[in-house]
Amino acid sequence: MKKNWWKESVVYQVYWRSFYDTDGDGYGDLEGVIQKLDYIQELGADVIWLNPCFESPDVDNGYDISDYRSIMSKAGTMETFDRFLQEVHNRGMKLIMDLVVNHTSDQHPWFKESRSSKDNPKRDYYVWRREPNNWRSYFTPSVWEFDDQTEEYYFHSFAVEQPDLNWENPMVRQEVYSFMRFWLDKGIDGFRMDVINLLAKQAGFPDAENPEDISYLGNNPGIHEYLQEMHREVLQHYDIFTVGEIPFVTPEDGLLYVGENRRELHTLFHFEVCDYMIHWDMQRYKEIQRRWYKGLWEKGWNSQFLNNHDHTRLVTRFGNDSIFRVESAKCFAVLLHLLPGMPYIYQGEEIGMTGVRYKSIQEYQDIAMKNKYKEEVEKGRDPGEVFKSLVHLSRDNSRTPVQWDESPNAGFTKGTPWIKVNPNYKEINVAQSLADPDSIFYFYKKLIQLRKENKIMVYGDYQEVLEDHQQIYSFIRELDHQRWLVVLNISELLVQVNVPESLSIAGKEMLLTNYKNEVDSNVEWALRPYEARIYRLL
Ligand code: TEU
């Protein structure tokens with residue numbers, strides 16, 4: 001199997017506005033990330049994924065860009081960015097930025113021109129139609145917004161303030177390639193590409209049978225021609241890494257984006273788990289991993305994640321964020337770092353931060369949640385019911401400020417945080433984690449070190465065992481003459497399993513576990529709640 005630096009990397013995601021605020025405006029900033037780079041380096045991460053920090057009216061937290069060549073003032077200046085990039089490289093780490101080119105902000109000069117008149121040379125930079133169809137967007141009941149100026153509708157896959165670019169227009173593509181080169185020539189190490197398989201639109205925009213299933217937004221004919229052109233014109237000219245955010249795809253579709261002979265992207269995020277699994281579902285998760293391993297292994301590279309800035313923190317959504325918070329956090333860490341693919345750590349995951357429950361919709365900031373709340377209440381649903389139905393998957397669950405210590409606002413800011421700090425910061429914070437040798441932080445550090453020293457975690461074949469077990473997730477990784485066994489009890493139960501001789505762990509070296517001592521049982525596999533173990537069989 002082809003070896004690449006990025007395949008062997010662990011990525012740490014920095015949602016800078018909630019990371020560390022150095023100027024007291026209540027928003028994290030790039031200076032704050034610079035001041036915490038030693039912390040990220042100590043964890044052992046190789047690559048930093050920075051969420052968008054370009055000029056933006058900030059309607060969707062930076063995913064609505066109005067100038068692709070400048071830094072949002074909340075985040076800092078271009079000088080801060082250049083110093084940040086230098087400091088990342090000085091520590092031997094790499095930086096990937098967020099490429100948001102399916103849409104811009106409606107405040108981008110391109111859109112201001114485009115909506116000004118039908119004859120404007122930039123009219124065709126966006127998607128205009130005289131008649132809407134019945135499609136809905138991620139954030140609104142319709143993808144079409146009527147514009148009084150020219151009495152036509154423009155297309156938006158997300159908020160009305162995020163009009164989609166028309167990728168059929170070669171001028172648009174060249175504009176994008178030009179500013180991609182601008183950042184790559186600065187020395188960044190790649191891109192995380194936002195909803196990159198939404199660029200091509202369905203010809204003729206036919207009405208959908210089920211408008212609620214928005215998969216019509218993505219994976220449409222023409223998308224691979226665009227990405228192969230991007231590869232030809234930009235990506236192949238740099239030693240970089242790319243990961244595409246790619247919803248609505250099967251492993252077969254996914255391989256068309258990341259196949260090593262496709263000359264498109266290196267890796268992808270698929271959303272079969274995060275977009276559809278509300279709570280932990282063992283059999284469903286195993287089945288998804290099985291299909292993607294079979295579909296991609298030795299042909300394309302997958303990613304492993306269970307939370308990010310759009311998806312609720314994993315201990316709250318899939319684990320146990322109260323009595324077994326530490327055990328479940330460590331258990332899922334082993335799962336994500338031992339499964340085939342690149343592991344991503346979302347800021348705060350390494351200390352076991354949890355989701356949040358604010359008391360009212362007014363305390364939430366996320367446009368997706370606020371839009372959905374408004375849409376459902378306008379349909380006449382009970383506001384209280386609607387609110388309750390939205391809190392579990394609200395994106396704000398993972399956007400609360402990083403909890404650095406027990407000081408006011410968890411040491412995140414000397415000002416008023418843009419979003420309320422999770423009230424559990426006195427129990428859960430970085431200072432406490434760094435002071436405790438058995439903390440989740442040091443467990444992640446050990447896992448990452450294990451990966452640096454053992455390529456079996458990167459290139460080892462994967463073979464599941466006990467496929468049908470409801471609580472136990474177990475598999476073998478094998479490379480050359482090495483064989484590792486991973487055993488995870490992903491439940492709150494004490495689980496005892498009689499296993500065949502081939503899986504006997506008697507006398508086998510235990511490489512890592514999240515429990516101090518062995519459980520006293522005469523059954524070979526006896527595992528406590530969220531117990532995780534890695535054995536060297538050969
Ligand atoms: O997210 C797209 C999005 O809506 C994700 O929540 C979803 O899980 C995924 O695409 C699969 O459907 C991206 C950004 O991550 C998000 O923060 C932005 O709001 C959005 O695009 C628009 O740029």
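How far is an oxygen atom of the ligand from an N or O atom in the side chain of Asp-275? I looked this up first in the model, which is predicted. The separation is 2.4 Å.

**Entry: ligand contacts**

I then turned to the other side chains that face the ligand with polar atoms. For His-309, I found a polar side-chain atom 2.9 Å from a ligand oxygen. For Arg-192, an N or O atom of the side chain lies 3.0 Å from an oxygen atom of the ligand. I next checked how much of the ligand surface is covered: the ligand taken alone exposes 490 Å², and the protein buries 97% of that.

**Entry: ligand surroundings**

I listed the residues around the ligand and obtained 18. Asp-275 is among the closest, together with Asp-60, Tyr-138, Asp-310 and His-311. I sorted this shell by class and noted 8 charged, 7 nonpolar and 3 polar residues. I also asked which pocket the ligand takes up. The ligand occupies the space of the largest pocket.

**Entry: the parallel sheet**

I traced an open sheet of 8 strands, with parallel pairing. Its order reads β11-β10-β9-β5-β2-β1-β13-β12. At its edges I recorded β11, residues 267-269, and β12, residues 303-304, each of which pairs on one side only. Within the sheet I examined the neighbours β1 and β2. Strand β1 covers residues 11-14 and strand β2 residues 47-50, and 4 bridges link the two in the parallel sense. In this pair I located Val-14 opposite Leu-50 of β2.

**Entry: strands β6, β7 and β8**

I looked next at β8, residues 152-155, which runs antiparallel to β6, residues 128-129, with 2 bridges between them. Here Arg-129 stands opposite Tyr-153 in β8. Strand β7, residues 144-147, is also antiparallel to β8 and is joined to it by 4 bridges. I noted Tyr-154 in β8 as the bridge partner of Glu-145. Strands β7 and β8 make a hairpin with 4 residues between them. In that turn, Glu-151 has a positive phi of about 50°.

**Entry: strands β14 and β15**

How many bridges join β14 to β15? I found 5 between β14, residues 461-465, and β15, residues 472-479, and these strands run antiparallel. Asp-461 has Glu-478 in β15 as its bridge partner. I recorded this pair as a hairpin with 6 residues between the strands. Leu-466, in the turn, has a positive phi of about 50°.

Technical notes: Residues numbered from 1 in each chain as written. Predicted model: local features only at pLDDT ≥ 70, side-chain atom pairs only at ≥ 80, totals over all residues. Heavy atoms only, no water. Near = heavy atom within 4 Å. Polar contact = N/O pair within 3.5 Å; in protein donor to acceptor, adjacent residues only side chain to side chain. Areas by Shrake-Rupley, 256 points an atom, 1.4 Å probe, with all protein chains shown as cover. 1 Å grid on protein atoms, 1.4 Å probe; cavity = no way out; pocket = protein on both sides within 12 Å on 5 of 7 lines; lining within 4 Å. Sits in = over half its atoms within 2 Å of the grid points. Nonpolar A, V, L, I, M, F, W, Y, C, P; charged D, E, K, R; others polar. Pairing = 2+ DSSP bridges.
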